[in-house]
Amino acid sequence: TATLTREGAHASWSLASTARLAERLVFELHENEADDDPLAFAKSYQILASVEKLSPSFSTEARISLTSNLAEAALTAGRHQEARDRAMAVAIDATRAAGDYQDAILNMKLIALAAVVLLHDNAGAKQALGDVQNYYQSLRPGFQNQWVYTGTLQYIDNSSLPDGDQQMLRD
């Protein structure tokens, strides 16, 4: 915990609080500002990549949240191979972690799928799509995905992917 002092007032900030603040800022940039700011996706990636350096000291939940968002930001910043690699690593981390991380695992499988489609890796896309479908079918009844994909869908819609690939990713 770091202590910040200004004019005699003390505020204690944990590293996890810093990460949550960064994630809130990035959410706003990534999901709501990308229409108006062509650099919003790159800014989102840069912010999260900077905060990631602190992540070894985070709780499992905070680390998975941050690295999941970073994988998505890598995708929309045009770092498709990095997005795929990060998404797969987060999915593995979340699978091994104690706790309910079904949403993180599913969303990282979706980010990995989008990344391989954007990399024009047809064999990888077929495998990733099967992986998403198999995992989705294994989810508990009543599962609700809480992620918001507004910025990512905008990125896909503005990509040079054929309409069929864009529609498959949207569905």
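Rings of Phe, Tyr and Trp (its six-membered ring) count as a pair if their centres lie within 6.5 Å; planes under 30 degrees apart are called stacked, those over 60 edge-to-face, and the rest tilted. The exercises below concern a predicted model, in which local features need pLDDT of at least 70, side-chain atom pairs count only at pLDDT 80 or more, and totals for chains, interfaces and linings use all residues. Residues are numbered from 1 along each chain as its sequence is written, and side-chain values use heavy atoms, with hydrogens and water left out.

**Exercise 1. Identify the aromatic pairs of the structure and state the geometry of each pair.**

Step 1. The structure holds two aromatic pairs. One of them joins F41 and Y155 edge-to-face, at 5.9 Å centre to centre and with 90° between the planes.

Step 2. Locate the partners. Helices (H or I, at least four residues) and strands (E, at least two) are DSSP runs, numbered from the N terminus. Because F41 lies in helix 2 and Y155 in helix 7, the pair ties together parts that are 114 residues apart in sequence.

Step 3. Assess burial, where buried means under 20% relative accessible area, exposed over 50%, and partly exposed in between (1.4 Å probe, protein chains only). F41 has a relative accessible area of 10% and is therefore buried; Y155, with 18%, is buried as well.

Step 4. W147 and Y149 form a tilted pair, with 5.7 Å centre to centre and 45° between the planes. Y149 has a relative accessible area of 17%, so Y149 is buried.

**Exercise 2. Determine which salt bridges connect E52, R79, E82 and R86.**

Step 1. A salt bridge is a side-chain nitrogen of Lys or Arg within 4 Å of a carboxyl oxygen of Asp or Glu. The structure holds nine salt bridges.

Step 2. The side chains of E52 and R86 form one of them, at 2.8 Å from N to O. This pair links distant parts of the chain, since E52 is in helix 2 (residues 40-52) and R86 in helix 4 (residues 80-96), 34 residues apart.

Step 3. E82 forms a salt bridge with R79, and the closest N and O atoms are 3.2 Å apart.

Step 4. E52, R79, E82 and R86 are linked in a network of salt bridges. The relative accessible area is 22% for E52, 21% for R86, 21% for E82 and 39% for R79. E52 is therefore partly exposed, and R79 is likewise partly exposed.

**Exercise 3. Describe the salt bridge between D157 and R170.**

Step 1. The closest N and O atoms of D157 and R170 are 3.0 Å apart. D157 belongs to helix 7 (residues 150-157) and R170 to helix 8 (residues 163-170), and the two residues are 13 residues apart.

Step 2. D157 is partly exposed because its relative accessible area is 36%. R170 is also partly exposed, at 39%.

**Exercise 4. Characterise the largest nonpolar core and name the helix that gives the most to it.**

Step 1. A nonpolar core is a set of buried Ala, Val, Leu, Ile, Met, Phe, Trp, Tyr and Cys residues joined through side-chain atoms within 4.5 Å. The largest such core has 50 residues, and those with the most contacts inside it are I64, L75, M108, I111 and L169.

Step 2. Helix 5 gives the most to this core, with twelve residues.

Step 3. Contact means heavy atoms within 4.5 Å. Residues up to four places away in sequence aside, L169 touches L113, A114, V117, I156 and L161.

Step 4. I105 is placed in helix 5 (residues 102-118) and is buried, with a relative accessible area of 8%. Beyond its neighbours within four places in sequence, I105 contacts A91, A94, T95 and Y135.

**Exercise 5. State how the chain is built and where the model has low confidence.**

Step 1. The chain has eight helices and two strands, in the order β-β-α-α-α-α-α-α-α-α along the sequence.

Step 2. Buried residues make up 42% of the 171 residues.

Step 3. pLDDT is the predictor's confidence in each residue, from 0 to 100. The mean pLDDT of the chain is 87, and 91% of its residues reach 70 or more.

Step 4. Over residues 1-12, pLDDT stays under 50. Where pLDDT is low, the predicted coordinates should not be read in detail.
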